[in-house]
Amino acid sequence: MKPLPSNNKKNSFSFFIISLCFIFLLVILYGEDFSCILSQPFLKLQEPAAEESGGHQLPLLAEEKDVHLPFVVERSENSCNLFDGRWVYDAASRPWYQEEDCPYIQPQLTCQARGRPDKGYQHWRWQPRGCDLPSFNATFMLEKLRGKRVLFVGDSLNRGQFVSLVCLLHGALPESAKSMKTNGSLTIFTAKDYNATIEFYWAPFLVESNSDDAIVHRVKDRIVRAGAINKHGRHWRGTDIMVFNTYLWWMTGQKMRILRGSFDGDVKNITEMVTEDAYRMALRRMMRWVERNMDPSKTRVFFATMSPCHERSVEWGGHPGGNCYGETAPIDDLSYWGSCSSKSIMGLLGREFGRTKSPVTVLNITQLSNYRKDAHTSIYKKQWNKLTPEQLANPTSYADCVHWCLPGLQDTWNELLYAKLFFP
Ligand SMILES: *[C@@H]1O[C@H](CO)[C@@H](O)[C@H](O)[C@H]1NC(C)=O
Ligand SMILES: *[C@@H]1O[C@H](CO)[C@@H](O)[C@H](O)[C@H]1NC(C)=O
Ligand SMILES: *[C@@H]1O[C@H](CO)[C@@H](O)[C@H](O)[C@H]1NC(C)=O
Ligand SMILES: *[C@@H]1O[C@H](CO)[C@@H](O)[C@H](O)[C@H]1NC(C)=O
Ligand SMILES: *[C@@H]1O[C@H](CO)[C@@H](O)[C@H](O)[C@H]1NC(C)=O
C-alpha cells in the first residue's frame, strides 16, 4: 500500500517538469503574446485569501463629485455604470470604419487581410444596462482636442486602443492633414489642421524595466525598477489627456524581479517581490507622477483595467483543448469571468483608485471584454516566424488569444473613453 503514493508523486512531479519545459518553450517562442497562458495557476498561489472576497464598497471617484472636470460638455442625468451591460449584434451601425480604410493598423491586427473568414466580431455594439452610450462623433472629438496632446502609455494592448482611436478619427481628416511617425518608444499621430496629436508611448510596466525597448523587448527574464518612472515620465509632460494601462507583462507566473538602483551599474541588486506588491508599487509610482505633473483643473487621466485573454475554452463550456480559435460569437453568460483576469488585481485597482482624491478615471473594460472570445486576432495576424507543419496542422497551438482585431472590441473601449471624457 505504501509505495503507491510516492510513485504517484514521482509521476506527477515528472509531469510537472515536462509541462514546465513545454510552457517555457512556448514562452520563448511567443514572448508576450502567450504570457497569459502561464499566469493563472501560479498567480492564484500568490493571491492573499483576504483579497478574494472583494466585497468592499468603492468610494466615489473624483469625477463623480467634481462638477468642473475639464473636457466635460454635458453630464449625464442619471448616474449609470457604462461598464455594466451586454453586447448587441448591430450590423447597421458597426463597425465605425472598414479595416482597409485605416492604413495605421499594424499587420498583427488586420484580421481580414490575414484571411479571417468571418466578420461578425466587427458588428457588436456595447449596450450599457441603464443608459445609452453617446454616439461617437469624430469631428466633434477633433474640435475638442484642438491644440491638445493625447497620450496612451502602456503595452501592446494599449497600443491597440491608440490605433483604434486614430482609425476612429482619421476619416474626418483630409489625406494631406495627418501624419504618423515613430521615434523610439514614442509614436505620434498628428492632425495638422487641429494642431492636435494622439500619441503612444511604449512602457509595458509603466515604470522602468528591461523590456522598455519598443522593438526588442521580448526578454526572457523580466526585471522592473518598480519605483522608477522619471526616465519615461519626462516624455509625458505637457499632455492634456493620458490613458495608462499595465497588466499583461506582470503575469509571468513567478515573483517579480525588482532592481534596486540603476540598470546601468555593474553590480545589480535584484530582489524578488510578490507580483501583486510589485504591481501596487508601480501603480503608486504612476499616481505620484500624475499628482506631481498633471493639473487636474486642465487635464484628464484614465487607466484601462486588464484586457482579458481566452486561452481555455472549457472555461466557457467549450470543448477541452480549445481556445479562442474558431470562436465567432461572444459569451452570453453575464456572470462569465475568465481566469486570465485576476480578481485580486482588480480589487487592488479598486482600492488604489477608489481613494477620494484620485484624479484618475477608470476605464473598466475587463468584464465587457471577457465576453468577447470571438474578438481576438487568433491565427489571423502577421506571423513573424515561419510556422512549422505541426503548428499548421493544429491552429489552436498558435492562435493569439490576447490581442484584438481592428475594427473590433477596442473601438468600444474608445467609445467608453469618449463617453467618460465628454459626457460623464
Ligand atoms: C458631429 O459634430 C460636429 C461638430 O460638433 C457637428 O457639426 C455634427 O453635426 C455632428 N454630427 C452628428 C451626426 O451629430
Ligand atoms: C499648438 O498646440 C500647442 C500645444 O499642444 C501650443 O503650444 C501651440 O501654440 C499651438 N500652435 C498653434 C499654431 O495653435
Ligand atoms: C527622437 O527622440 C529623441 C529624444 O527622445 C530626439 O533627441 C530626436 O531628435 C528624435 N528624432 C527625431 C527624428 O525626431
Ligand atoms: C539590496 O536592496 C535591498 C532593498 O533595498 C536592501 O535591503 C539590501 O541591503 C540591498 N543589498 C545590497 C547588497 O546592496
Ligand atoms: C470593474 O467592474 C467589475 C465588474 O464588472 C467590478 O467587480 C470591479 O470592482 C470594477 N473595478 C473597478 C476598478 O472599478
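Student: Which residues does D212 touch, leaving out those up to four places away in sequence?
Tutor: Keep in mind that we're looking at a predicted model. D212 sits in the loop between β7 and β8. Leaving out residues up to four places away in sequence, its contacts are S185, W202, A203, P204, V207 and H232.

Student: D212 is buried, so to speak, with a charge on board; which side chain of opposite charge is nearest, and how far away is it?
Tutor: A salt bridge would need a side-chain nitrogen of Lys or Arg within 4 Å of a carboxyl oxygen. D212 has no such bridge. The nearest side chain of opposite charge is K231, at 4.8 Å.

Student: Then which side chain makes a polar contact with the side chain of D212?
Tutor: There's a backbone group to mention beforehand: the nitrogen of S209 lies 2.8 Å from a polar atom of the D212 side chain. For a side-chain partner, look at the polar contact of 3.0 Å, which is with H232.

Student: W202 belongs to β6, and I'd like to know how many residues of that strand are buried.
Tutor: Take the two faces in turn. A196, I198, F200 and W202 point one way, while T197, E199 and Y201 point the other way, and all are buried. That leaves β6 mostly covered, with the buried count at seven of seven.

Student: How many bridges join β5 to β6, and do they run parallel or antiparallel?
Tutor: Two pairs show you the register: T187 stands opposite F200, and T190 has T197 as its bridge partner. The hairpin has four residues between the strands, and N195 takes a positive phi near 50 degrees there. As for the count and sense, β5 and β6 are joined by six bridges and run antiparallel.

Student: And in which sense do β3 and β6 pair?
Tutor: On this side of the story, R149 stands opposite T197 in β6. β3 and β6 share six bridges, and the sense is parallel.

Student: What is the strand order of the open sheet, and which strands are at the edge?
Tutor: Seven strands make up the open sheet, with mixed pairing, in the order β4-β5-β6-β3-β9-β12-β13. Neighbouring strands are turned by 15 degrees against each other on average, direction ignored. Each edge strand pairs on one side only, and these are β4 and β13.

Student: Which helix packs on that sheet?
Tutor: Look for contacts with β3, β9, β12 and β13. The helix that makes them covers residues 409-422, and its direction makes about 145 degrees with that of β12. It's α12.

Student: Which proline follows a cis peptide bond in the loop between β15 and α12?
Tutor: Most peptide bonds are trans. One cis bond runs from R94 to P95, with omega near 0 degrees, but P95 is in the loop between β1 and β2. The cis bond from L406 has omega of about -10 degrees, and the proline in the β15 to α12 loop is P407.

Student: What is the phi of L206, and is that residue buried or exposed?
Tutor: Most residues other than glycine have a negative phi. L206, in the loop between β6 and β7, has a positive one near 65 degrees. Its relative accessible area is 0%, which means L206 is buried.

Student: F71 also has a positive phi; what is its relative accessible area?
Tutor: F71 lies in the loop between α4 and β1, and its phi is about 75 degrees. The cut-off for buried is under 20%. F71 counts as buried because its relative accessible area is 14%.

How values were computed:
Residues are numbered from 1 along each chain as its sequence is written. Chains are lettered from A and ligands numbered from 1 in the order in which they are written. This is a predicted model: local features need pLDDT of at least 70, side-chain atom pairs count only at pLDDT 80 or more; totals for chains, interfaces and linings use all residues. Side-chain values use heavy atoms; hydrogens and water are left out. Two strands pair if DSSP finds at least two bridges between them. Axes are lines fitted to C-alpha atoms, for helices over the stretch in contact, and angles run from 0 to 180 degrees between N-to-C directions. Contact means heavy atoms within 4.5 Å. Buried means under 20% relative accessible area, exposed over 50%, partly exposed in between (1.4 Å probe, protein chains only). Lys and Arg count as positive and Asp and Glu as negative; His and the chain ends are not counted. A polar contact is a pair of N or O atoms within 3.5 Å; within protein, one must be able to donate a hydrogen and the other to accept it, and residues adjacent in sequence count only if both atoms are side-chain atoms.
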